[in-house]
Amino acid sequence: MRDQYNFFHWHLAFPEVFKPKPTDQIGDDELAGWSGGFDCVLGNPPWERIKLQEKEFFAARNPDIANAPNAAARRRLIEKLKETDPPLYRAFQDALRRADGESTLVRDTSRYPLCGRGDVNTYSIFAELKRSLLNPSGRVGCIVPSGIATDDTTKFFFQDLIATGSLVSLYDFENRNGIFSAVHRSYKFCLLTMRSPFHSPLATRHSPPADFVFFAHDVDDLAEQDRHFSLTAEDIALLNPNTRTCPIFRSKADAELTKAIYRRVPVLIKEARDGQPEENPWGVKFLRMFDMSNDSHLFRTREQLEAAGGRLEGNIFHVPEPGRLDGPDPIAPGTWLPLYEAKFIHHFQHRHASLEVLIDVGAASGIAAPSVAQNTLKNPLYVVHPRYWVAQSEVKREAAHCNWNGKWWLVWRDMARATDIRTVISAIIPESGVGGTAQIALTDADIDAITLVSVLNSFVLDFAARQKIGGTHVNLVPLKQFPCVSRDLDSPMMWFFPLYVLELTFTAWDLEPFARDCGYDGPPFTWDDKRRFLIRAELDAAFFHLYLPSTPDGDWKPACKADGAVVDETPEQLAELRKYFLTPRDAVAYIMETFPIVKRKDVEKYGCYRTKDTILEIYDEMQRVMRANSEWRTANGKAENEPGPHVYQTRLNPPPGPPADVAGNFIPMAKWDPAHWPAHIHRPREEATISRPAAAAPAVIVPGDEIDQDRLLEAFREVRQGMSPDYVVADPQANRRFQEAARLLGLRADPSRLNQALLNARKAGRLKDEPSASQYRLAREYEPYLFASEWSVRHLQRQLLKEINRMPALDELLCNPSWAERFDEIVARIKPGFAAIDYRWAALAMRKKGRNKPLEKAVEMPLQRQLTLGELFGSDLPADPGLYLIRCGERPLYLNWAENLADQVQRHREVAGEEMVPPWLLDGVGRANQLRYTALRGLRQRELQEMRITQVARLQPWLNLLEVGDAA
């Protein structure tokens with residue numbers, strides 16, 4: 001074991017440095033039990049997780065396991081190794097055993113009491129070890145990830161560094177300039193300097209404060225004095241009372257302003273500590289519902305649910321009978337809810353993005369979800385579509401863990417990338433599954449969710465949050481330590497929050513349960529970008545006054561515990577704050593400048609920083625109201641806390657939110673005046689429903705060129721749910737709904753004419769504001785079946801040429817339901833296993849690439865020969881455009897269009913190298929198969945899609961092309 005694990009004993013390796021103590025002389029706080037130590041310890045320890053990483057282990061040994069779509073699939077493949085590859089399975093078990101042994105040594109032997117916790121990384125235990133190797137006057141200098149000071153798993157070590165006065169300095173670097181060339185440019189590391197710990201509290205208080213620098217990119221940045229700041233143990237306890245980890249500041253100004261906020265506003269949850277109970281004024285609980293990998297066995301795709309007989313209503317599936325997947329997991333009957341992911345939400349918005357046009361769920365996981373068009377958001381019936389659904393029973397089971405019976409969730413994004421416009425993003429969503437990097441917060445009272453979501457979405461909280469996020473995740477640990485104004489704060493500014501937030505949130509009928517729980521019984525609010533901008537600006541201005549309170553004259557109001565502040569602010573602290581921000585308004589202006597993406601977008605669109613300018617204007621107006629009320633109280637001898645006659649008047653008409661009385665109470669809808677309906681609120685659902693003609697209504701339209709455009713577009717908008725006209729025509733289910741809506745509106749035209757009229761409306765610009773679904777599709781999504789779709793279009797066009805004496809264009813072919821069904825039958829024989837919309841959408845991609853013109857002339861290239869693997873990678877291949885089939889015996893391996901087969905294979909060779917031969921080119925023992933290729937047809941077309949040979953799927957099963965058409 002000694003040789004296998006390389007045990008190392010410091011007192012044996014360096015007997016002149018470490019002198020073991022007798023057992024009776026070892027103190028309780030000593031770890032090593034020796035005296036002495038080094039004067040100086042330097043090094044760059046390894047940065048590796050002790051936990052065995054399955055993907056890394058199998059990356060070179062078995063790529064199929066490493067590239068499994070999720071953890072559940074990977075575990076099944078590993079288990080199969082018992083029969084398929086016993087030596088590899090034993091090697092994996094040995095690696096697991098070693099990792100478990102190392103973990104036990106680190107966690108359970110008390111050798112690393114501060115860092116041997118959680119998901120251990122070797123850098124942290126090396127840092128703890130190095131400090132233990134010092135003599136009383138020694139120093140440690142090491143390079144470690146910046147998470148040593150900011151991560152939850154290392155918080156006990158950092159707390160001890162601060163408490164014992166061990167921390168000398170921490171200089172944080174972002175690897176943007178490639179200081180470490182082998183490390184990603186976004187990675188953060190630090191130069192950590194430690195001294196031997198002081199065990200006397202008196203000595204600790206008199207030790208020099210630690211020196212910090214964050215966000216440096218080069219060693220020269222350390223010479224900038226404004227980057228340096230110091231933090232005491234009391235400062236860290238104020239800013240991060242739960243973890244006592246280090247906040248990250250770019251400058252002294254950021255540090256002073258953040259400390260000023262935390263002196264005035266408490267954290268969301270202050271955990272129990274040092275005999276003090278937990279402080280949770282909001283009564284917040286948290287729930288992480290589904291993990292996208294570990295819970296993937298619970299998820300189902302649209303294709304799976306439709307195959308089981310599921311009926312889609314909005315974005316909810318209803319499965320009437322039990323169905324089965326190809327695998328062992330059943331599809332239970334009942335309701336299946338959409339699985340919301342973080343990408344679907346934005347500030348006060350539960351319909352930010354949708355994936356209804358992404359059929360390939362694998363592709364959906366690798367790209368950003370397309371944003372929903374603003375015009376689409378005006379439809380209160382529109383709902384977003386996910387890539388997965390989950391049984392409602394599973395959602396109810398998770399909710400029961402928190403005793404939650406609501407029909408909605410307050411969620412936030414657990415993701416904060418440098419390219420995101422904001423750090424904290426929160427919204428209310430309908431009852432659904434919640435997975436991935438979306439997490440749930442539950443409040444004691446429904447109405448509290450309105451205020452809390454507005455707090456989380458405010459600029460001032462976002463500024464404070466940025467001082468806490470060292471990586472890219474806004475998880476539960478930093479969220480609890482965000483400054484959140486108390487829900488019980490007695491402020492004249494908070495009464496209108498429910499009105500404002502309801503209008504921002506309740507914009508669609510799927511959130512009706514949330515509105516009812518908040519006491520509002522009216523319809524959704526209309527989506528109006530201008531109103532939403534001003535509502536949010538007024539909310540942000542109010543929050544700036546709450547977080548950075550001022551005197552009526554606009555000066556700083558010192559933090560005072562008697563007024564609800566966290567601590568009493570000292571004159572010295574206030575004087576230090578004024579060095580950087582003379583007034584709270586100066587701080588507001590500064591905070592707004594720390595959002596560069598918001599500023600850049602405003603300047604590009606409006607020529608000025610509109611968001612900042614508007615918030616400051618409203619902030620100033622609120623300040624004038626405060627001053628006027630102060631002057632009124634002075635003149636009338638009133639108490640300072642007595643409401644004055646002046647209130648802030650909103651810029652919006654009608655005012656934000658539901659009709660309310662002077663106290664902010666919602667007025668029931670039954671008391672609204674129907675003749676003067678609020679312009680910012682939709683009509684009731686029954687009035688908004690499309691009026692249906694009587695059953696005996698005569699046919700309104702017959703000729704396609706006379707179709708009533710208003711009715712046509714009304715039918716389209718009723719069913720579109722964010723889909724483009726092309727998608728509604730191509731998707732059989734959507735098209736049936738469109739045809740039914742048109743029929744109920746009295747349009748009796750032939751379905752082909754209706755579809756063609758819809759496409760003509762799009763071409764004429766009548767739907768120019770509607771989203772184009774084609775922009776949401778990547779080539780790789782329909783790559784496996786693109787060749788089959790194009791081949792089938794050509795073949796059907798040739799058939800119709802014989803039947804109707806002309807060759808219809810692609811649009812005409814897909815607009816005709818009977819022709820489109822014939823296309824579906826042909827393409828499914830060539831490349832089975834995909835949905836009709838998949839094939840049709842791939843065919844439409846031909847038009848986007850200019851390949852939709854009928855090909856009445858084609859050059860035949862009969863060519864067939866045997867070739868070896870070496871020849872395949874050689875240059876003796878056709879350079880003509882054509883459809884090529886590569887076979888191994890009678891088993892097809894590759895079929896697709898190639899503009900230049902020789903050039904395409906050569907490009908693959910340059911990228912992958914001859915040693916990286918695709919597995920399907922080899923036999924079972926690694927020898928090259930005898931292959932042959934056939935040039936089935938060379939077509940002179942423009943813009944043929946480039947596809948590498950390793951990117952195309954195998955043809956299983958293969959159907960003889962001679963049975964399909966006359967191509968071969």
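Here is a short dialogue on reading cores and helix packing in this predicted model.

Me: Happy to start with the inside of the protein. What tends to happen to nonpolar side chains in soluble globular proteins?

Reply: They tend to be buried together. In this structure, the largest nonpolar core has 115 residues, and Trp-409 and Tyr-547 have the most contacts inside it. Helix α22, residues 529–547, gives the most to this core, with nine residues.

Me: Which residues is Tyr-547 in contact with, leaving aside its neighbours within four places in sequence?

Reply: Among them are Ile-261, Val-265, Val-455, Val-460 and Leu-461. Arg-264 is on the list too, as are Pro-483, Cys-484 and Val-485. There is also a second, separate core of 47 residues, which includes Phe-38, Val-41, Cys-115 and Leu-129.

Me: Let's look at Val-140 next. Is Val-140 buried or exposed?

Reply: Its relative accessible area is 2%, and under 20% counts as buried, so Val-140 is buried. Val-140 lies in strand β4, residues 134–145. Its C-alpha atom is 4.7 Å from that of Val-41, although the two are 99 residues apart along the chain. Val-140 also touches Leu-192, Thr-193 and Met-194, among others.

Me: And helix pairs? At what angle do α12 and α18 pack?

Reply: Helix α12 (residues 252–264) and helix α18 (residues 459–466) pack at about 120°, with axes 10 Å apart. Because of that angle, α12 is oblique to α18. Their crossing is left-handed.

Me: Which residues meet there?

Reply: From α12 come Asp-254, Leu-257, Thr-258, Ile-261 and Tyr-262, and from α18 come Val-460, Phe-463 and Ala-464. They divide into six nonpolar, one polar and one charged.

Key. Residues numbered from 1 in each chain as written. Predicted model: local features only at pLDDT ≥ 70, side-chain atom pairs only at ≥ 80, totals over all residues. Heavy atoms only, no water. Helix = DSSP H or I, 4+ residues; strand = E, 2+ residues; numbered from the N terminus. Buried < 20%, exposed > 50% of the residue type's maximum accessible area, 1.4 Å probe, protein only. Contact = heavy atoms within 4.5 Å. Core = buried A, V, L, I, M, F, W, Y, C linked by side-chain atoms within 4.5 Å. Axes fitted to C-alpha atoms, helices over the stretch in contact; angles between N-to-C directions. Parallel < 35°, antiparallel > 145°, perpendicular 65-115°, else oblique. Left-handed = near helix turned anticlockwise from the far one by under 90°. Nonpolar A, V, L, I, M, F, W, Y, C, P; charged D, E, K, R; others polar.
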